[in-house]
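Visitor: I'm new to reading protein structures. Could you walk me through this one and explain the words as we go?

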Amino acid sequence: MDRIQTSQFGPTLQLRKARGDLDEPLTVADEDYCGLIAGYGYVGATNQFLKGASIEILIDGTPSDSGSGALPSSLRFRTRTTAGAEPTICWMDAEGNVGIGDIDDPDQQLEVGGSIHISGE
């Protein structure tokens, strides 16, 4: 993807979601997935591509088209373990709360599930 111009803006990747169909799109709802970016790798023994780590974009509240509009959304980062589990390793919600580790839907500005190691001078 390239964008060559004199302004500071770069290329944009848009993942767009609506309920309904192409002729009559309907408003998305809380907890709908708006997009997924995932890495897949080929596994020869099963002759298929398997999903690895991913970034999910979810609706995180009630959308509104009044005024300038609001689409509350969150980002969820996932990895894939050697056992095939897909834990959420980082969650950023619509209110600006961040959960790292074993946290499902953080309710603090920074919430960590597990141990923290801080090193430095």
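**Why these words fit**

Guide: Ile116 is exposed, as its relative accessible area is 61%, and exposed means over 50%, buried under 20%, partly exposed in between (1.4 Å probe, protein chains only). This is a predicted model, where local features need pLDDT of at least 70 and side-chain atom pairs count only at pLDDT 80 or more, while totals for chains, interfaces and linings use all residues. Residues are numbered from 1 along each chain as its sequence is written, and side-chain values use heavy atoms, leaving out hydrogens and water.

Visitor: Why is Cys34 called buried or exposed?

Guide: Cys34 has a relative accessible area of 15%, so Cys34 is buried.

Visitor: And what about Cys90: buried or exposed?

Guide: Cys90 is buried too, because its relative accessible area is 17%.

Visitor: How do you know how many disulfides the structure holds?

Guide: A disulfide is a pair of cysteine sulfur atoms within 2.5 Å, and the structure holds 0 of them. Cys34 is in none; the nearest cysteine sulfur, that of Cys90, is 18 Å away. For Cys90, the closest cysteine sulfur is in Cys34, and 18 Å is too far for a bond, so there is no disulfide here.

Visitor: What makes β4 and β5 a pair?

Guide: Two strands pair if DSSP finds at least two bridges between them. Strands are DSSP runs (E, at least two residues), numbered from the N terminus. Here 6 bridges join β4 (residues 48-59) to β5 (residues 73-78), so by the rule they pair; they run antiparallel. Ile55 stands opposite Phe77 in β5.

Terms used:
Helices (H or I, at least four residues) and strands (E, at least two) are DSSP runs, numbered from the N terminus.
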